[in-house]
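This report describes the interface between two chains and the empty spaces in a structure. Please look at the sequence and the model first.

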There are 2 protein chains.
Amino acid sequence: MACKRLYRKAVLFGDSITQVSFEEGGWGASAADLLQRKCDVVNRGLSGYNSRWGRILLPHILPLDLLKDTVIATVFFGANDASLPEIAPDKYVSVEDYSANLKEIVEHLKTGGLRPDQIILISPPALNGEEWRKVCIEKDVKMNRKNENTGRYSRACVQVAKDLETHSVDLWSIMQEDKDWKRYLCDGLHLSPAGSQLLWKHLEKHFTKLAESLEMIYPDWSSIDPDNPEASLL
Amino acid sequence: MACKRLYRKAVLFGDSITQVSFEEGGWGASAADLLQRKCDVVNRGLSGYNSRWGRILLPHILPLDLLKDTVIATVFFGANDASLPEIAPDKYVSVEDYSANLKEIVEHLKTGGLRPDQIILISPPALNGEEWRKVCIEKDVKMNRKNENTGRYSRACVQVAKDLETHSVDLWSIMQEDKDWKRYLCDGLHLSPAGSQLLWKHLEKHFTKLAESLEMIYPDWSSIDPDNPEASLL
């Protein structure tokens, strides 16, 4: 029974939209479900983080030891980088620095052994300013993001993916192809279950291709010899 | 910033009801969501497996190297063990052997460093014979399980937990406390989303207690010094 014994790893690296991706209807849970008996899905989402902070953490949060068994990775920053510098300078990262940080993250993943086609850069989602303004008022902070500005980061993300020959999901544009796109957000900034599943719809082909390339770990129960299970299993 | 850098592990070991636990509404995904920024949830569910085959795989599927960082584990066999010996002798495990296998699994987890109160034995779910019979007819096999027989395995599971001072979830009994319990199954044997969430309701207190005992990994974004993020992060 020549079946792989090693559960490979799928790494999800990003901000809060990655961190909460195992919520009901979440895209991270969908990935884990698709990769059952093949990969462990490792969530490295950090709420509120921008690509600068993610880049600084690279050797710690994505150590080479973790990456050596990793066969797919998503990189999903930008929603915080795109904060307006005059309102939220702490989170703000210029679009040029955002691109440079994404490049450094991809280079690190490549150093860890991933091929460019095993890496998916996800652009920040579109922003519903009307809803997000309400959240800002509730939090007693100034309105700190604009959809058009977030679009610049989205285009930069897609460009980095082109330059480095990785895959990308242009979530900002994909969402807005739907007239009713605001339903993809729960608070104007973060994904609703519908938004999470829209993202998954565009990630799924890459994860499916991976799943099809990997053998199931441990034999199917029906092929185990009940009189000598050790021979089948070990 | 004295924050833990190591993502601990939560291990889910069992049969198909564990393997599919990241489906929408699944209890494994709920565990991963609750433990975000604290633990990686490692799914070691094997569809169709009984406790004998799980026990044989122990040193391979739950190696000590994996267990050393593990802080909670669920063990969830019995639904296949309780196959009727005269109909499905390949999957059948006697209730005595089932108990012995559970004990061996718990002892292995303890050898790996887990305390008994970090281990949760889950009993097989109740069986809706009417629905499962339909599945058997569709598969052109003889009806191979009986609810009352599965109940014997459930009681054995609870007894092992008492003997070894681990936690347990008596899912078979809990389900049947609800007059409308058949809705907790999708095909008479496997959990529906409602059943998965019923199980989660009874697991949640243990996972919550664990989550409360663990620090969040990496600082909250609001405590990062934007002028010197390295000092906060590294």
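What volume does the largest cavity have? The largest cavity has a volume of about 240 Å³. On a 1 Å grid over the protein atoms alone, a cavity is a set of points where a 1.4 Å probe fits but cannot get out, whereas a pocket is an open set with protein on both sides within 12 Å along at least five of seven lines. Lining residues have an atom within 4 Å of a point. Points are joined across faces, edges and corners, and a volume is the space filled by probe spheres set on them.

This is a predicted model, in which local features need pLDDT of at least 70 and side-chain atom pairs count only at pLDDT 80 or more, while totals for chains, interfaces and linings use all residues. Residues are numbered from 1 along each chain as its sequence is written, chains are lettered from A and ligands numbered from 1 in the order in which they are written, and side-chain values use heavy atoms, without hydrogens and water.

**The spaces**

The structure holds two cavities of 30 Å³ or more. Among the 24 residues lining the largest cavity, those closest to its centre are A:F22, A:V41, B:F22, B:A32 and B:V41. β2(B) gives the most to this lining, six residues. The largest pocket holds about 850 Å³ of space. Of its 32 lining residues, A:K9, A:D65, A:L66, B:K9 and B:L66 are the closest to its centre.

**The contact between the chains**

The contact (heavy atoms within 4.5 Å) takes 39 residues from chain A and 39 residues from chain B. Together the chains bury about 3,600 Å², 63% of it on carbon and sulfur atoms; buried area is the accessible area (1.4 Å probe) that two parts lose on being put together, summed over both. Between the chains there are two salt bridges, each a side-chain nitrogen of Lys or Arg within 4 Å of a carboxyl oxygen of Asp or Glu. A:R44 and B:D40 form a salt bridge (2.8 Å, N to O).

**Composition**

Ala, Val, Leu, Ile, Met, Phe, Trp, Tyr, Cys and Pro count as nonpolar, Asp, Glu, Lys and Arg as charged, and the others, Gly among them, as polar.

| Set of residues | Nonpolar | Polar | Charged |
|---|---|---|---|
| Side of chain B that touches chain A | 21 residues | eight residues | 10 residues |
| Lining of the largest cavity | 12 residues | six residues | six residues |
| Lining of the largest pocket | 16 residues | two residues | 14 residues |

Terms used. Helices (H or I, at least four residues) and strands (E, at least two) are DSSP runs, numbered from the N terminus.
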